[in-house]
Amino acid sequence: MPAESNWGGNVAFTARRLHHPESVAELQEIVARSPRVRALGTRHSFSTVADTDGEHVSTSRLPAVIEVDRTERTATVGSGLRFGEIVRAIDEAGLALHNLGSLPHISVAGACATGTHGSGTGRRSLAGAVRALTTVTADGGLAEVRRGEADFDGSVVALGALGVVTRLTLDLVPAFAVRQTVYEDMPREEFRENFHAVMSAGYSVSGFTRWRERAVDQVWLKERVEADGTEPAPRTWFGATAADGPRHPIPGMPGTHCTPQQGLVGPWYARLPHFRLEFTPSSGEEIQSEFFVDRRDAVAAFDALWQVRERFSSEVLIGEIRTVAADSLWLSPAYGRDSVAFHFTWAPDAEAVARAVRVVEEALRPFSARPHWGKLFTTPSPGALRELYPRYDDFRALAARLDPSGVFRNTFMREHFPD
Ligand SMILES: Cc1cc2nc3c(=O)[nH]c(=O)nc-3n(C[C@H](O)[C@H](O)[C@H](O)COP(=O)(O)OP(=O)(O)OC[C@H]3O[C@@H](n4cnc5c(N)ncnc54)[C@H](O)[C@@H]3O)c2cc1C
């Protein structure tokens, strides 16, 4: 049976078969005998990045390894595990991941492969924590690459193009507590004039807007605090008011699906994501897009989007604005620049979304916006991608060297990284 579609339902997979290997040896055999194969994580990408016209290998039944090394401050984890499945073991060892995305439902390898990120000034994407990777390569062999080695920076955000990752070693930090407060109705002028102060006011900050008159509907402030005895957060902040109950970023959706708010202090893993593992994240019926610009252009990019909002806002369920620190991973959308990411959760009307995405892309073009690989985008062309990613050709060369016969290539790679 093939996996029929991605989580969002907007990509019908073309794979002929779906394998569920239960051991690395079984996975190696499948890869060795398949002319075309691709890893499938938890299927949460909205682009066709995970598709293949060959065979899919799901990582969901690979060994659920979680080895926490307190001395080295690392966790080595099985690639198919979801973040929500590794965080408790890490916390129990008194350690933490530096950051998490909005949802704990995604696989560790799938998230790192697309440059998935959370928010926070100074916080790199989730791939920024990767110290080493073990991968089943095109010939079915096993290869390990570690930070500091020549191929490493090209191998972490690799879009599934270099092989099937079986385990990852992640850097950890000492465990910490977080207080989450949702502020509502921040006036647009307050937000844009104090943009950097707002976005760096906490460990992780997200601004949510539907790009309508109410300007910034919610700001989620996640502050690192002592585990006990913290003062409650102030009631008003930059013209916004602390919410009087649990909120969901999408109006009308239940706040109980989200991590605890209202200043309640809790562990890092239960506050950094917005959504709780036991509920469907976000709306469940949606398409997403996201674009990264240089953080120095954040306000100008915000203004550019605001000017054309009437041409895309009717499709927006919610937009989110986050910060991501620069890294050195060749295909990371935050490569070499501290970034601000403009995210859009769209109502699931593919044609209307495509029109809206083009409006957003046009508005952000002057800012050399880089699209999130795992979300829907219509441009840039390969030539423009080469301009956006200084190591674009190095990545193509790495993929050609490690996968000379194109076992892991798919339509997405051929389109964006042609021979
Ligand atoms: C509700 C929702 C909320 C989201 N929130 C965020 C967010 O906060 N921040 C953000 O940046 N993104 C977010 N995303 C996007 C999501 O994080 C990415 O699309 C991510 O790649 C999904 O991981 P996955 O395991 O589902 O990967 P998949 O979609 O299954 O695969 C993505 C890519 O990874 C490759 N891959 C998967 N496993 C492996 C492996 N073992 N080895 C090699 N390659 C592999 C696949 O081949 C494919 O190219 C969200 C998506 C949804 C649906």
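**Reasons behind the labels in a predicted model**

Modeller: Gly-252 is a convenient place to begin, since it sits in the loop that runs between strand 15 (240-242) and strand 16 (265-267). Please keep in mind throughout that this is a predicted model.

Colleague: Why does Gly-252 count as exposed?

Modeller: The relative accessibility of Gly-252 is 83%, and the label applies to values over 50%, so Gly-252 counts as exposed.

Colleague: How far is the C-alpha atom of Gly-252 from that of Gly-128?

Modeller: Their C-alpha atoms are separated by 34 Å, and the two glycines are 124 residues apart along the chain.

Colleague: What about Asn-410, which is also in a loop; why is Asn-410 called buried?

Modeller: Asn-410 belongs to the loop between helix 10 (392-402) and helix 11 (411-416). Its relative accessibility is 1%, and buried means under 20%, so the label buried follows for Asn-410. The C-alpha atom of Asn-410 is separated by 42 Å from that of Gly-266, a residue 144 positions away along the chain.

Colleague: Why is Arg-210 buried, given its relative accessible area?

Modeller: The relative accessible area of Arg-210 is 18%, and the cut-off is under 20%, so Arg-210 is still classed as buried. Arg-210 is found in the loop between strand 12 (204-209) and strand 13 (216-225).

Colleague: What makes the approach of the Arg-210 side chain to the side chain of Asp-217 a polar contact?

Modeller: The distance for this side-chain pair is 2.9 Å, and the limit for a pair of N or O atoms is within 3.5 Å, provided that one can donate a hydrogen and the other accept it; the pair of Arg-210 and Asp-217 is therefore listed as a polar contact.

Colleague: Why are Arg-73 and Phe-238 called partly exposed?

Modeller: Arg-73 has a relative accessible area of 39% and Phe-238 one of 27%. Buried is under 20% and exposed is over 50%, with partly exposed in between, so Arg-73 and Phe-238 both take the intermediate label.

Colleague: What is noted about phi in Arg-73 and in Phe-238, and where do these residues lie?

Modeller: Phi is near 55° in Arg-73, a positive value in a residue other than glycine, and Arg-73 is placed in the loop between strand 4 (66-69) and strand 5 (74-78). Phe-238, in the loop between strand 14 (236-237) and strand 15, likewise has a positive phi without being glycine, here near 45°.

Colleague: How do you know that strand 19 is mostly covered?

Modeller: Strand 19 spans residues 339-346, and eight of its eight residues are buried. In a regular strand, side chains alternate between the two faces of the sheet. Here Ser-339, Ala-341, His-343 and Thr-345 are buried on one side, and Val-340, Phe-342, Phe-344 and Trp-346 are buried on the other, so that both faces are covered.

Colleague: Which strands pair with strand 19, and over how many bridges?

Modeller: Strand 17 (residues 287-294) is joined to strand 19 by eight bridges and runs antiparallel to it, with Val-293 having Val-340 as its bridge partner. Strand 18 (residues 316-324) also pairs with strand 19 in the antiparallel sense over eight bridges, and there Val-324 stands opposite Ser-339.

Colleague: Turning to the ligand, which residues come nearest, and how is the shell composed by class?

Modeller: There are 38 residues around the ligand, of which Ala-39, Thr-42, His-44, Ser-107 and Arg-322 come nearest. By class, the shell has 15 nonpolar, 19 polar and four charged residues. Helix 3 gives the largest share, five residues; strand 2 (37-40), helix 3 (108-114) and strand 9 (164-171) each supply at least two.

Colleague: What lies opposite the oxygen atoms of the ligand at Ser-107, Arg-38 and Val-49?

Modeller: Ser-107 places a polar side-chain atom 2.6 Å from a ligand oxygen, Arg-38 does so at 2.9 Å, and at Val-49 a backbone N or O atom lies 3.3 Å from a ligand oxygen. The protein covers 99% of the 960 Å² of accessible area that the ligand has on its own.

Colleague: How many disulfides does the structure hold, and why are Cys-112 and Cys-258 called buried?

Modeller: The structure holds zero disulfides. Cys-112 has a relative accessible area of 2% and Cys-258 one of 3%; the cut-off for buried is under 20%, so Cys-112 and Cys-258 are both labelled buried.

Conventions: Residues numbered from 1 in each chain as written. Predicted model: local features only at pLDDT ≥ 70, side-chain atom pairs only at ≥ 80, totals over all residues. Heavy atoms only, no water. Disulfide = S-S within 2.5 Å. Buried < 20%, exposed > 50% of the residue type's maximum accessible area, 1.4 Å probe, protein only. Near = heavy atom within 4 Å. Areas by Shrake-Rupley, 256 points an atom, 1.4 Å probe, with all protein chains shown as cover. Helix = DSSP H or I, 4+ residues; strand = E, 2+ residues; numbered from the N terminus. Nonpolar A, V, L, I, M, F, W, Y, C, P; charged D, E, K, R; others polar. Pairing = 2+ DSSP bridges.
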